[in-house]
Amino acid sequence: MPGKVTLVGAGPGDPGLLTRKGLKALERAEVVVYDRLVSPAILALMPEGAEKINVGKQAARHPVPQDQINQILLDKALEGKNVVRLKGGDPFLFGRGGEELELLAEHGIPFEEVPGITSAIAAPAYGGIPVTHRDCCSSLHIITGHQRAGKALDIDFEALVRTKGTLVFLMGVSALPQICQGLLTAGMGPNMPAAVVERGTTPAQRRISATLETLAERAEQAGVESPAVIVVGKVCALAEDFDWFDHLPLKGKTVVVTRPKERSGTLSARLRDLGAEVWEYPCIATLPLDPCPALDDAMERLGDYEWLALTSPAGVDALWRWLEASGKDARALGNVKLAAIGPGTGRELKKYGLKADYVPEVYDAAHLGAGLPAGGNVLILRAEEGSPALTEELARRNIGYDDIATYRTVYENPRSQELREALEGTDGLLVTFTSASTVKGFVSSVGADADFSNMVGMCIGAQTAAEAQKHGIPVKTARAATMDALVELITEGV
Ligand code: SAH
């Protein structure tokens, strides 16, 4: 049985513009064949086990020829694989999607196409240019500005000018002077508003607005490079009023997210929505301790404890894994009361149908220890080398406790060289720290001898900030230990 090939439009760059159907197809893929224009944030959504084939760039930096791509799709489908062919924008708009389907159709391979949001509309939109407006035009034309080597542009400029519609040129950066000249020669007014939107919908987006007469020169001065769309028409004049994307609070800022991979998603997405360029460098990973005799023993004697205290979502997950591995469920927790260090840990409990009976007002270890209602012993399940502030507070209050490590935090970053270069090459880099261990992971990843004076550590709480300061990292601290407050801190700081 042959597999299936799904041609998926990945949209123009912003990962939020991948369609739900496209995402579903991607999540189920066994093989993903992708090219240059697909953004890293979307590539990060590819399933870990899937075979990933980059046809946009080979070792020698040349793209794989089209007939070879067609062949790869056919071969993988014949192997019975579920193949996703991921393409920038919409696959059928100057994307050669049709060509890729021909060979499949010839061989009777089942296929599907999931349309994508095209850069022809989305890049202008993020630049504040609606491609049509009732007062400006009654048609939209999308044209390729691709010039075959040694040949003149094959565009009927006179016909285009007659339409009086909005013109959008793709693949037109190198032919921009000829395109503008062609339109001028065909009789379009030199003052017609025109714009170029480079790397549209990504944090690096730039819009250059000018007139038909001045656009080529302005774009050249600005050093505009592909990918960019060229827009010509009265609608371009609206950009000054409508450019919402350029005004996002974190536009132009780069933020590094150091949380473990499985927990970085929400923070990253929120920062991206605010316009930031987000680099995910998970500097720590959590490894459950298995076997964990101390946990077996404590769970045996759970009736001896009044409280079960959890100080991170990873601790909740480790507890749940233990329950499952022991063939038990939430009922095994009986009457023990649950304390969570903060709302994130509380939410993780909720995932398993459990409610935290106590969450301190300030979300850190010291406040958890100081505020936990007295009465009975406390079972603490947390990482090795958890903050001593919790147990010190309990001891001060004469509350008995057992402090059991159920997981280990490991510091690792396979891309540490890249991270160090980013740190040294970027002024004012913002690095988020959501726990003291992310600081330790970050420092061990880039090397303690790195120069931290150019970055700012955006810390979730006092203990995290103290750890960062130990390493000479300039810090700012959120007003509360929540993702909301951390995002607020980052937004305020710029
Ligand atoms: N199928 C794609 C277009 C492929 S042709 C789509 O529907 O968007 C490649 C051209 O698309 C580039 O030369 C550029 O003109 C345009 N393009 C693609 N991504 C872009 C982006 N993020 N910003 C601006 N233009 C982009």
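**Exercise 1.** Which ligand atom lies 2.8 Å from a polar side-chain atom of Thr118?

*Solution.* The model is predicted: local features need pLDDT of at least 70, side-chain atom pairs count only at pLDDT 80 or more, and totals for chains, interfaces and linings use all residues. Residues are numbered from 1 along each chain as its sequence is written, and side-chain values use heavy atoms, leaving out hydrogens and water.

Step 1. The partner of Thr118 is an oxygen atom of the ligand, at 2.8 Å. A polar contact is a pair of N or O atoms within 3.5 Å; within protein, one must be able to donate a hydrogen and the other to accept it, and residues adjacent in sequence count only if both atoms are side-chain atoms.

Step 2. Backbone atoms take part as well: a polar one of Gly200 is 2.7 Å from a ligand nitrogen, and a backbone N or O of Gly88 lies 3.1 Å from a ligand nitrogen.

Step 3. The protein buries 94% of the 550 Å² that the ligand exposes when taken alone (Shrake-Rupley method, 1.4 Å probe; for residues, only the protein chains shown count as cover).

**Exercise 2.** Describe the interface of domain 1 and domain 2.

*Solution.* Step 1. The domain assignment, automatic or from a database, places domain 1 at 4–116 and domain 2 at 121–245. Their C-alpha centres lie 28 Å apart.

Step 2. Seven residues of domain 1 contact eleven of domain 2, where contact means heavy atoms within 4.5 Å.

Step 3. Between them the two domains bury about 700 Å², 72% of it on carbon and sulfur atoms; this is the accessible area (1.4 Å probe) lost on being put together, summed over both. On the domain 1 side, Pro12, Asp14 and Phe94 lose the most area, together 59% of what that side buries.

Step 4. Three residue pairs are in polar contact across these domains, with both residues at pLDDT 80 or more.
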